[in-house]
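Trainee: Got a minute to go through this one with me? I'd like to start with the ligand and then wander about a bit.

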Amino acid sequence: MTDLYDVIFKRRDTRHFTSDPVPDEVLQKALQAGHAAPSVGLSEPTRYYIVEDADLKLQVKKLFDASREKAEEQISNPDQLDKHQSLKLEAITSAPIGLVIATDESVLDEYVIGTIGTKETLAWSTACAIQNIWLSLTEQGYSMGWVSILDYIAFKELLNLPESVKPLGYFCIGKPADDYDNRPMLETHNWKRKSSAPHVVKITQGL
Ligand SMILES: Cc1cc2nc3c(=O)[nH]c(=O)nc-3n(C[C@H](O)[C@H](O)[C@H](O)COP(=O)(O)O)c2cc1C
């Protein structure tokens, strides 16, 4: 059996994929891992939409390009802008499979335990599923990249999703073409260094 910690530390956000197809068993196993994740009040709000159509991928890529351009307009430091422009932050048209992972808030039409404080708990449940999928793909020799640089209103319209369905992103899935030296790709490009330890504080009566 694969060691859990090997998989956790090997998992990477991947933006470079080979053209190898993803066998259906691999995707199904990953989706089952997502389905095994916890969900608030057993609400199971997570919805998956598989994108294989090249034209739809191109439309998503256009949305990404527009959002990236908008983000870059906000970077005033020229060095930072240069560095940002050199980063590959998606693999929408090159990854064999695109997956939209979303939360369906219509589960709130019935009472859901754990949503009185915030309905964000539904999206947090979906985030748990996303991480399980990421780990399952890693364990199977595949990987995933999360694309969140999108205008979510336009993204929802493009996919024609029901009003209650909120996408958390577009996910690129395939065989990794690069392991980025087993470090976050952003670190290998000197964008930012990953901290060496988790930020943990013991509190007694508040900070
Ligand atoms: C909520 C979320 C959104 C992200 N969106 C993007 C994105 O749009 N483009 C991208 O290249 N990476 C995206 N990432 C990946 C992060 O940049 C990546 O997780 C981080 O640099 C650490 O690298 P690692 O996942 O390989 O450890 C996202 C990650 C998360 C958790």
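Trainee: Which ligand atom does the side chain of serine 148 sit by, and at what distance?

Mentor: A nitrogen atom of the ligand, with a polar side-chain atom of serine 148 at 2.7 Å. Keep in mind that this is a predicted model.

Trainee: Noted. And which residues put a polar backbone atom by a ligand oxygen?

Mentor: Aspartate 13 has a polar backbone atom 2.9 Å from an oxygen atom of the ligand. Isoleucine 149 also brings a polar backbone atom to a ligand oxygen, at 3.4 Å.

Trainee: How much of the ligand does the protein bury?

Mentor: 72% of the 620 Å² that the ligand exposes when taken alone.

Trainee: Which residues surround the ligand?

Mentor: Going along the chain, you have Arg11, Arg12, Asp13 and Arg15, then Leu89, then the run Trp146, Val147, Ser148 and Ile149, and finally Pro184 and Leu186. Sorted by class, that shell has 6 nonpolar, 4 charged and 1 polar.

Trainee: Let's switch to aromatics. How many aromatic pairs are there in the whole structure?

Mentor: A search turns up 3. In one of them, tryptophan 134 and tryptophan 146 have ring centres 6.1 Å apart.

Trainee: Why is that pair called tilted?

Mentor: The planes of the tryptophan 134 and tryptophan 146 rings meet at 55°, so the pair is tilted. Under 30 degrees would count as stacked and over 60 as edge-to-face.

Trainee: What parts of the chain does it tie together?

Mentor: Helix 5, residues 120-139, holds tryptophan 134, and strand 3, residues 143-147, holds tryptophan 146, so the pair ties together parts 12 residues apart in sequence.

Trainee: Are those two tryptophans buried or exposed?

Mentor: Tryptophan 134 counts as buried because its relative accessibility is 8%, under the 20% cut-off. Tryptophan 146 is partly exposed, at 29%.

Trainee: What other ring does tryptophan 146 pair with?

Mentor: Phenylalanine 171, in a tilted pair with 4.9 Å between centres and 50° between planes. Phenylalanine 171 is in strand 4, residues 165-174, and tryptophan 146 is in strand 3, so this pair ties together parts 25 residues apart in sequence. Phenylalanine 171 has a relative accessible area of 0%, so it is buried. Put the pairs together and Trp134, Trp146 and Phe171 are linked into a cluster.

Trainee: Which charged residue sits over the ring of tryptophan 134?

Mentor: Arginine 11, with its charged end 4.5 Å from the centre of that ring. Arg11 is also one of the residues around the ligand.

Trainee: And what lies over the face of tyrosine 142?

Mentor: Lysine 175, at 4.3 Å from the ring centre.

Trainee: New topic, backbone oddities. Which residues have a positive phi without being glycine?

Mentor: Asparagine 160 is one, with phi about 60°. Asparagine 190 is another, with phi near 55°. They catch the eye because most residues other than glycine have a negative phi.

Trainee: Where do they lie, and are they buried or exposed?

Mentor: Asparagine 160 is in the loop between helix 6 (152-159) and strand 4, and at 67% relative accessibility it counts as exposed. Asparagine 190 is in the segment after helix 7 (185-188), and it is exposed too, with a relative accessible area of 57%.

Trainee: What about isoleucine 92, where is that?

Mentor: In the loop between helix 4 (78-86) and strand 2 (97-104). Isoleucine 92 is buried, with a relative accessible area of 0%. Its C-alpha is 9.1 Å from that of isoleucine 173, and the two are 81 residues apart along the chain.

Trainee: Last bit. How far is leucine 58 from aspartate 6?

Mentor: Their C-alpha atoms are separated by 35 Å, with their positions 52 residues apart along the chain. Leucine 58 lies in helix 3, residues 54-73, and is partly exposed at 41%.

Trainee: And histidine 35, is it buried or exposed?

Mentor: Exposed, with a relative accessible area of 53%. Histidine 35 belongs to helix 2, residues 24-35, and from its C-alpha to that of arginine 47 is 9.8 Å.

Note on methods:
Residues numbered from 1 in each chain as written. Predicted model: local features only at pLDDT ≥ 70, side-chain atom pairs only at ≥ 80, totals over all residues. Heavy atoms only, no water. Near = heavy atom within 4 Å. Polar contact = N/O pair within 3.5 Å; in protein donor to acceptor, adjacent residues only side chain to side chain. Areas by Shrake-Rupley, 256 points an atom, 1.4 Å probe, with all protein chains shown as cover. Nonpolar A, V, L, I, M, F, W, Y, C, P; charged D, E, K, R; others polar. Phe/Tyr/Trp six-rings, centres within 6.5 Å; stacked < 30°, edge-to-face > 60°. Helix = DSSP H or I, 4+ residues; strand = E, 2+ residues; numbered from the N terminus. Buried < 20%, exposed > 50% of the residue type's maximum accessible area, 1.4 Å probe, protein only. Lys NZ or Arg CZ within 6 Å of the ring centre and 35° of its normal.
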